[in-house]
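User: Could you take a close look at a single part of this structure for me, one helix and what surrounds it? I work at the bench, so a connected walk-through would suit me well.

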Amino acid sequence: MTALVLTTAVVAGTVGWAAGSGERPVTGPPPGSGAWRADTSLGRALPDPATATPRDIAAFFRTLGPAQRRDLAHRHPSVVGNLDGAPVALRYEANATALRHDARFAHLAGRRILAFDPRGRGQVAEVFGDLAPGNRVAVVVPGSDIDAGSYDRRTDPYGTPAGMAKQLRAAAPGTAVIAWAGYTTPVGVGLDAATGELAEAGAVRLARLTEGLAALGTPAPAVFCHSYGSVVCGLAAPRLRARDLVVLGSPGMRAGTVAELGTDARVWAAKDPSDWISRVPNVHLLGLGHGTDPASPEFGARPVPATDADGHTGYFAPGTESLRTFAAIAGGDAR
């Protein structure tokens with residue numbers, strides 16, 4: 001009971017309980033799916049985004065010629081741009097079209113956008129490098145206060161998924177890195193951040209992303225999960241097609257040990273001494289809290305050195321031991 005009271009106090013914080021609660025997760029098929037399902041231009045039904053697997057999607061696009069693919073991408077950009085299993089270059093093209101129709105996200109134009117969903121606060125995934133079959137791949141999963149408008153804040157260069165991805169790509173130049181802000185994150189410090197509802201919705205989307213990569217012949221990625229993003233990764237772990245799972249600044253993964261995650265991936269954890277996340281009690285009671293600290297010995301993760309990282313968002317800062325280790329993991333060189 002004492003732990004529950006402490007968790008509630010930390011979650012409530014100084015900004016008030018209501019300030020960080022009440023986000024509704026964006027779920028379901030992408031916008032425009034109704035028009036896509038009604039399209040009979042090919043003389044056959046298009047795969048239903050709500051039920052088709054990424055493998056189904058990949059198989060469907062392999063039956064189409066280049067002109068047919070481009071036609072679908074330009075008539076249904078919001079669908080094609082978000083279909084895991086669709087050709088990567090075609091998704092870039094579709095999302096470029098979708099972004100031209102939404103001035104709120106003009107800052108994303110001209111970039112390799114793998115997914116773009118303007119609903120809610122907006123979701124986005126961007127690729128740094130080449131997602132060609134055979135290349136090493138990493139995915140960065142962010143925590144709270146990240147959306148399509150804030151995922152690459154210049155004032156926080158190492159604390160946003162785009163900033164993390166850029167630094168990882170620079171440290172591991174042979175690896176393609178996906179900055180994945182593909183779920184509805186908590187806002188502020190509050191009930192959403194202390195519970196798993198948003199993480200559960202995000203876990204479904206993250207697992208599907210890795211299924212889509214596999215359907216295209218891309219090697220299983222190393223997945224880097226920051227803060228609340230590690231809750232997403234913990235819930236996704238049994239379905240996640242990943243070779244390495246790396247958590248940093250984690251409040252817990254909703255598991256007591258690595259074995260409870262139900263994954264064959266190698267699991268790593270980093271937490272620097274100055275990270276405020278250490279003040280969050282590692283409990284899981286009545287739906288509040290996320291459980292054992294993944295950086296604790298009893299959890300059983302492989303340790304990532306992080307003594308020279310600074311605060312909650314310094315793990316990807318250039319020159320740190322943590323970034324060097326992350327680069328070795330991403331490049332497949334860590335043991």
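Analyst: Happy to. One definition is needed before we start: a residue is called buried when its relative accessible area is under 20% and exposed when it is over 50%, with partly exposed in between. Please keep in mind that this is a predicted model.

Let's make α3 the part to look at. Its buried residues are P54, I57, A58, F60 and F61. Because they cover an arc of only 160° around the axis, they sit on the same side of α3. That pattern fits a general point about helices: an α-helix has 3.6 residues a turn, so residues three or four places apart point the same way. On the face of α3 turned away from the buried side, you will find R55 and R62, which are exposed.

What lies over the buried side? The cover for the buried residues of α3 includes α2 (33-38), α4, α5, α6 and α9 (197-215). Three of these neighbours are worth a visit, namely α6, α2 and α9.

Start with α6, which spans residues 88-99. This helix has 12 residues and reaches 16 Å from its first C-alpha to its last, close to the 16 Å expected at 1.5 Å a residue. It is mostly covered, with 9 of its 12 residues buried. Those buried residues are V88, L90, R91, Y92, A94, N95, T97, A98 and L99. They pack against α3 (54-62), α4 (66-75) and α5 (77-80), and also against the strands β1 (113-117) and β2 (123-128).

Two of the α6 residues lead us further inside. V88 and Y92 are both touched by L131, whose contacts beyond four places in sequence also include L114, V137, A176, I178, L213 and T218. L131 in turn is one of the residues with the most contacts inside the largest nonpolar core, along with L114, I178, W180, L206, V223 and L245. That core has 40 residues, and α9 gives the most to it, with 6 residues. Apart from it lies another core, of 38 residues, with F128, A148, Y151 and V246 among them. In general terms, nonpolar side chains tend to be buried together in soluble globular proteins.

Now for α2, another neighbour of α3. S33 is found in helix α2. Its relative accessibility is 4%, and S33 therefore counts as buried. The side chain of S33 reaches the backbone oxygen of P30 at 2.6 Å. Leaving out residues up to four places away in sequence, S33 touches P49 and V79.

Finally, α9 holds G202. This glycine counts as buried because its relative accessibility is 0%. Setting aside residues up to four places away in sequence, G202 touches W180, Y183 and V232. W180 we have already met among the residues with the most contacts inside the largest core.

To recap the route: α3 has its buried residues on the same side, with R55 and R62 on the face turned away. The covering elements include α6, α2 and α9, and α9 is also the element that gives the most to the largest nonpolar core.

Technical notes:
Residues are numbered from 1 along each chain as its sequence is written. This is a predicted model: local features need pLDDT of at least 70, side-chain atom pairs count only at pLDDT 80 or more; totals for chains, interfaces and linings use all residues. Side-chain values use heavy atoms; hydrogens and water are left out. Helices (H or I, at least four residues) and strands (E, at least two) are DSSP runs, numbered from the N terminus. The expected span of a helix is 1.5 Å times one less than its number of residues. Buried means under 20% relative accessible area, exposed over 50%, partly exposed in between (1.4 Å probe, protein chains only). Contact means heavy atoms within 4.5 Å. The arc is that of the directions from the helix axis to the C-beta atoms. A nonpolar core is a set of buried Ala, Val, Leu, Ile, Met, Phe, Trp, Tyr and Cys residues joined through side-chain atoms within 4.5 Å. A polar contact is a pair of N or O atoms within 3.5 Å; within protein, one must be able to donate a hydrogen and the other to accept it, and residues adjacent in sequence count only if both atoms are side-chain atoms.
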